[in-house]
Amino acid sequence: MDREARIAIVGAGLGGLCLAGLLQRQGYRVTVFEQASQFHRIGAGIVLGASIARVMRRIGIEAPYVASGIKPDAFVSRKWDTGEVLNELRFDAETEAEFGGPFVNIHRADLHDVLRSALPDGTIRFEHALTGVEPAGTAVRLVFANGHTEEADIVVGADGIRSSLRDAVFGRRELRYTGRIAQRAVFPASRANGMFMRDCTKWWGPDRHALAYYMTSRRDEIYVMGATPDPNWTADSEPSLWTHDQFLDAFASFHPDLTGLIEAAEEVQILPICDIARNDTWSQDAVVLLGDACHAVRPFMAAGGSMAIEDAAILSLALAAYDTPQRAFAAYERIRIPRVGEIQRISEENSWLKHPTDTGWFFGYDPFAEDLKRAA
Ligand SMILES: Cc1cc2nc3c(=O)[nH]c(=O)nc-3n(C[C@H](O)[C@H](O)[C@H](O)COP(=O)(O)OP(=O)(O)OC[C@H]3O[C@@H](n4cnc5c(N)ncnc54)[C@H](O)[C@@H]3O)c2cc1C
């Protein structure tokens with residue numbers, strides 16, 4: 001695509017910020033429109049594999065990215081009651097070389113800060129909540145809640161699971177409540193009173209699970225995320241708070257290595273876990289979707305954010321490789337849809353890494369090795 005094309009990205013989440021960084025490095029004019037007035041420090045972590053380190057490297061921020069998080073020494077799966085180790089995937093210099101980068105666990109706010117540091121001031125326009133789109137010749141006019149309008153030659157919907165751009169252009173897609181709620185707690189490791197903890201452990205119960213990990217290399221901040229069944233919620237239920245006792249009750253029958261950590265939790269956020277049925281229509285004319293806007297998965301493989309970031313990598317390559325948006329979007333979809341479809345399937349199954357698993361295809365994936373011309 002012509003470097004003069006005006007590219008508008010709606011949503012300054014993980015996918016939108018990565019795409020902006022990648023495109024700017026290729027000389028494109030990019031503006032990101034974000035509904036929030038500023039970034040808030042949401043209490044949550046994120047687990048990201050080696051394919052994401054490759055994207056950070058390409059943007060030029062791999063060093064601060066790794067320094068802001070932790071390279072865990074392993075991902076461990078344990079049985080909920082006995083604590084038996086069901087699987088242990090070690091991460092060391094050898095796996096880093098094999099996968100092409102490190103596995104990183106990081107606080108979401110720290111990841112946002114690093115992504116934002118790669119963008120020149122003025123790239124992100126806060127307080128721009130998209131409300132609609134209109135045709136404007138071959139371009140698209142974006143309409144925002146604050147009364148502003150903006151024309152762009154290419155519009156990327158990176159506005160998450162409740163994407164307004166998607167619903168406006170492709171028709172409403174229903175969110176599915178999965179019947180489970182998530183609990184999220186972040187707290188200083190000093191509150192855990194020396195509890196035994198590996199760098200990253202998933203606890204597998206009969207109808208619920210929990211994931212606990214450090215988010216810094218100093219091992220001074222812990223994140224515990226739980227997922228439990230709850231028939232009383234819907235996709236539209238508002239996130240809320242639990243007390244520490246409610247969190248503890250939900251996992252009372254689990255091993256003391258987990259309940260001891262939950263004892264240390266202070267504020268516990270709860271939210272409904274939702275996804276969207278697979279739909280392979282990701283683009284139309286000059287509009288294309290990425291990340292949760294087109295393929296929100298349930299977080300049981302910890303892969304939704306990785307998929308948004310990999311989408312950004314492939315879309316940036318496709319836009320550089322083709323002279324029309326339609327040809328670029330076709331190549332992007334042909335590369336991304338099969339991989340994302342497999343991630344959706346495994347995420348629904350909730351089986352990833354429970355037992356020894358072939359992980360190379362996921363963690364070792366190199367988006368920049370894709371042959372864009374062949375994909376078309
Ligand atoms: C409990 C839980 C745990 C998870 N753990 C992991 C994990 O460990 N690893 C992993 O890879 N993934 C994980 N995920 C999934 C991951 O969080 C998402 O897949 C990822 O954030 C999607 O990125 P995105 O860029 O598509 O959208 P988002 O990160 O949701 O960003 C969307 C952005 O668009 C903005 N926006 C929305 N509407 C508008 C509008 N109308 N106008 C302008 N801006 C708008 C929003 O404010 C937001 O900034 C988890 C999800 C959950 C719920």
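The legends below describe close-up views of a predicted model.

**View 1. Residues around the ligand.** The ligand is surrounded by 32 residues, of which Gly 15, Glu 34, Arg 108, Leu 130 and Asp 292 come nearest. Sorted by class, the shell holds 16 nonpolar, 11 polar and five charged residues.

**View 2. Polar atoms of the protein beside the ligand.** Gly 15 places a backbone N or O atom 2.9 Å from an oxygen atom of the ligand. At Leu 14, a polar backbone atom is 3.3 Å from a ligand oxygen atom. Ser 164 takes part through its side chain, where an N or O atom is 3.2 Å from a nitrogen atom of the ligand. On its own the ligand has 1000 Å² of accessible area, and the protein covers 85% of this.

**View 3. Helices and strands that contribute to the shell.** Two or more residues of the shell around the ligand come from each of α1 (14-25), β3 (45-48), β12 (176-188) and α10 (304-321). The largest share, four residues, is given by α10.

**View 4. The largest nonpolar core.** This core contains 103 residues. Those that touch the most other members are Ile 9, Met 56, Tyr 65, Leu 111, Val 156, Leu 315 and Leu 319. In soluble globular proteins, nonpolar side chains tend to be buried together.

**View 5. Surroundings of Met 56.** Leaving aside residues up to four places away in sequence, Met 56 touches Cys 18, Ile 61, Glu 62, Tyr 65, Leu 111, Leu 115 and Ile 309. Another core, of 27 residues, lies apart from the largest one; Val 224, Trp 242, Leu 248 and Ala 250 are among its members.

Notes: Residues are numbered from 1 along each chain as its sequence is written. This is a predicted model: local features need pLDDT of at least 70, side-chain atom pairs count only at pLDDT 80 or more; totals for chains, interfaces and linings use all residues. Side-chain values use heavy atoms; hydrogens and water are left out. A residue is near a molecule or strand if one of its heavy atoms lies within 4 Å of it. A polar contact is a pair of N or O atoms within 3.5 Å; within protein, one must be able to donate a hydrogen and the other to accept it, and residues adjacent in sequence count only if both atoms are side-chain atoms. Accessible areas come from the Shrake-Rupley method with a 1.4 Å probe; for residues, only the protein chains shown count as cover. Ala, Val, Leu, Ile, Met, Phe, Trp, Tyr, Cys and Pro count as nonpolar, Asp, Glu, Lys and Arg as charged, and the others, Gly among them, as polar. A nonpolar core is a set of buried Ala, Val, Leu, Ile, Met, Phe, Trp, Tyr and Cys residues joined through side-chain atoms within 4.5 Å. Buried means under 20% relative accessible area, exposed over 50%, partly exposed in between (1.4 Å probe, protein chains only). Contact means heavy atoms within 4.5 Å.
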